[in-house]
Amino acid sequence: MPKEELRLEVEKELTGRETEPWEIIYFKLYQSQMPVIEKAIETAALMLGTDKSRGYCLEMICADFLAGANLENGDPETLLFSMTRFFKFLPGEQRQAFLGYLNEKAS
């Protein structure tokens, strides 16, 4: 295990929080855009759990967009990436149900 990965795992174990490198991103939004953006983030928070950060909610909104945009004639790698991100956040029972469905379809 690389040194940085070990440090993050130890920090996670000691604090109970998962950390990763982060950065602040700034961009200009018009007042007319704010209601749509706020509503999307609020809706994502309700779906994902209100304890999730706004950045996390924005990531899931973007992943959903990428998945939809790549359904037909798109980049299958982008679609796979988006699906993998969504799968990671399913509760254990839904993960198992999803995997069972995939195994059923593959047979």
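In the predicted model, Tyr101 has a relative accessibility of 45% and therefore counts as partly exposed, since the partly exposed class ends where exposed begins, at over 50%. Tyr101 is placed in helix 5, and it belongs to a nonpolar patch on the surface. The other members of this patch are Met83, Leu90, Phe98, Leu99 and Leu102, and the accessible area of the patch as a whole comes to about 500 Å². Helix 5 supplies the largest share of the patch, with four residues.

Phe98, one of the patch residues, also takes part in an aromatic contact. A search of the whole structure returned one aromatic pair. This pair is formed by Phe87 and Phe98, with 5.8 Å between the ring centres and 45 degrees between the ring planes, and its geometry is tilted. The tilted class applies because the angle is neither under 30 degrees, as for stacked rings, nor over 60, as for edge-to-face rings. Phe87 is found in helix 4 (residues 76-88) and Phe98 in helix 5 (residues 92-106), so the pair ties together parts that lie 11 residues apart in sequence. Both rings are partly exposed: the relative accessible area is 24% for Phe87, and the relative accessibility of Phe98 is 34%.

The ring of Phe87 has a further neighbour. Arg95 lies over the face of Phe87, at 5.4 Å from the ring centre. Phe87 thus has an aromatic partner in Phe98 and a charged residue, Arg95, over its face. A second arrangement of this kind involves Tyr56, whose face is covered by Lys52 at 5.3 Å from the ring centre.

With regard to the overall organisation, the domain assignment of the protein gives three segments: domain 1 (1-28), domain 2 (31-72) and domain 3 (75-106). The C-alpha centres of domain 1 and domain 2 are separated by 22 Å. Lys52 and Tyr56, described above as a charge over a ring, have numbers within the bounds of domain 2. The aromatic pair of Phe87 and Phe98 falls within the bounds of domain 3.

A further residue of domain 2, by its number, is Glu59, which lies in helix 3 (residues 54-69). Glu59 counts as partly exposed, at 32% relative accessibility. The C-alpha atoms of Glu59 and Arg85 are 9.5 Å apart in space, while the two residues are 26 positions apart in sequence. Arg85 has a number within the bounds of domain 3.

Note on methods
Residues numbered from 1 in each chain as written. Predicted model: local features only at pLDDT ≥ 70, side-chain atom pairs only at ≥ 80, totals over all residues. Heavy atoms only, no water. Phe/Tyr/Trp six-rings, centres within 6.5 Å; stacked < 30°, edge-to-face > 60°. Helix = DSSP H or I, 4+ residues; strand = E, 2+ residues; numbered from the N terminus. Buried < 20%, exposed > 50% of the residue type's maximum accessible area, 1.4 Å probe, protein only. Lys NZ or Arg CZ within 6 Å of the ring centre and 35° of its normal. Domains from an automatic or database assignment. Patch = residues over 30% accessible without salt bridge, like charges linked within 9 Å, V, L, I, M, F, W, Y side chains within 5 Å. Areas by Shrake-Rupley, 256 points an atom, 1.4 Å probe, with all protein chains shown as cover. Salt bridge = Lys/Arg side-chain N within 4 Å of Asp/Glu carboxyl O.
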